[in-house]
Each structure stands twice: as structure tokens, then as C-alpha cells.
Amino acid sequence: MLGHRGCRLGITYPEIYEMQARAILEAAIDIEDASGERVALEIMLPLIGFKSELDFFDRPYRSRSR
């Protein structure tokens with residue numbers, strides 16, 4: 001696949017994925033508060049090709065989700 005997409009778009013413009021991650025986490029919290037049940041949340045990262053790309057996203061988002 002050619003082009004500037006997938007995780008590389010998030011590396012160039014991290015604010016895009018930060019905004020999306022925050023919205024997902026806030027929605028999960030709202031659902032937990034409304035239902036009283038824990039949400040089993042999974043976030044998939046698109047088109048990871050190298051470990052360095054995974055590391056770029058994994059550390060900051062994993063720490064925010066706890």
C-alpha cells in the first residue's frame with residue numbers, strides 16, 4: 001500500500017490520534033458510569049509495519065488509559 005496513511009499519518013499528526021483516543025476513552029467512561037459495568041475496550045492501530053511504529057503509539061496511550 002502506498003501513500004501517507006495508517007499509523008504514519010498519526011506519527012506525522014499525533015493530535016489526530018490523541019483526539020480520537022480521548023474520545024474513545026471518554027465514551028467508555030460514560031458507558032461505565034451509566035451501566036455500572038466495566039467496558040472491555042480494545043483499540044486497534046492501523047497498518048503497523050515496524051516495532052518502532054508500535055512503540056510510538058503504545059507507550060503514551062497505554063499510560064493514559066489506566
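Mentor: Welcome! Of the 66 residues of this protein, 15% count as buried. Keep in mind that the model is predicted.

Trainee: Thanks! Which elements make up the protein?

Mentor: There are three helices and zero strands, so the order from the N terminus reads α-α-α.

Trainee: How many salt bridges does the structure hold?

Mentor: Two. One of them joins R8 to E53.

Trainee: What makes R8 and E53 a salt bridge?

Mentor: Their closest N and O atoms are 2.8 Å apart. The cut-off is 4 Å between a side-chain nitrogen of Lys or Arg and a carboxyl oxygen of Asp or Glu, so the pair qualifies.

Trainee: Where do the two partners sit in the chain?

Mentor: R8 belongs to helix 1 (residues 7–12) and E53 to helix 3 (residues 51–64). With their positions 45 residues apart, the pair links distant parts of the chain.

Trainee: Why is E53 called buried?

Mentor: Its relative accessible area is 5%. Buried means under 20%, so E53 fits that class.

Trainee: And R8, why does that residue count as partly exposed?

Mentor: R8 has 37% relative accessibility. That value lies between the 20% limit for buried and the 50% limit for exposed, so R8 is partly exposed.

Trainee: How do you know that K51 and D55 form a salt bridge?

Mentor: Their side chains meet at 3.0 Å, N to O. That is within 4 Å, so K51 and D55 pass the test.

Trainee: What separates K51 and D55 along helix 3?

Mentor: About one helical turn, because they are four residues apart in that helix.

Trainee: Is K51 buried or exposed?

Mentor: K51 has a relative accessible area of 60%. Exposed means over 50%, so K51 is exposed.

Trainee: What is there to note about phi of L47?

Mentor: Phi of L47 is near 50°, a positive value in a residue other than glycine. Most residues other than glycine have a negative phi.

Trainee: Where is L47 found?

Mentor: L47 is in the loop between helix 2 (14–35) and helix 3. At 48% relative accessibility, L47 is under the 50% limit for exposed and over the 20% limit for buried, so the label is partly exposed.

Trainee: What supplies the area that the whole protein exposes?

Mentor: The protein exposes about 5400 Å², and carbon and sulfur atoms supply 57% of that area. As for contacts between residues at least 6 apart in sequence, 58% join residues at least 24 apart.

Conventions
Residues numbered from 1 in each chain as written. Predicted model: local features only at pLDDT ≥ 70, side-chain atom pairs only at ≥ 80, totals over all residues. Heavy atoms only, no water. Helix = DSSP H or I, 4+ residues; strand = E, 2+ residues; numbered from the N terminus. Buried < 20%, exposed > 50% of the residue type's maximum accessible area, 1.4 Å probe, protein only. Contact = heavy atoms within 4.5 Å. Areas by Shrake-Rupley, 256 points an atom, 1.4 Å probe, with all protein chains shown as cover.
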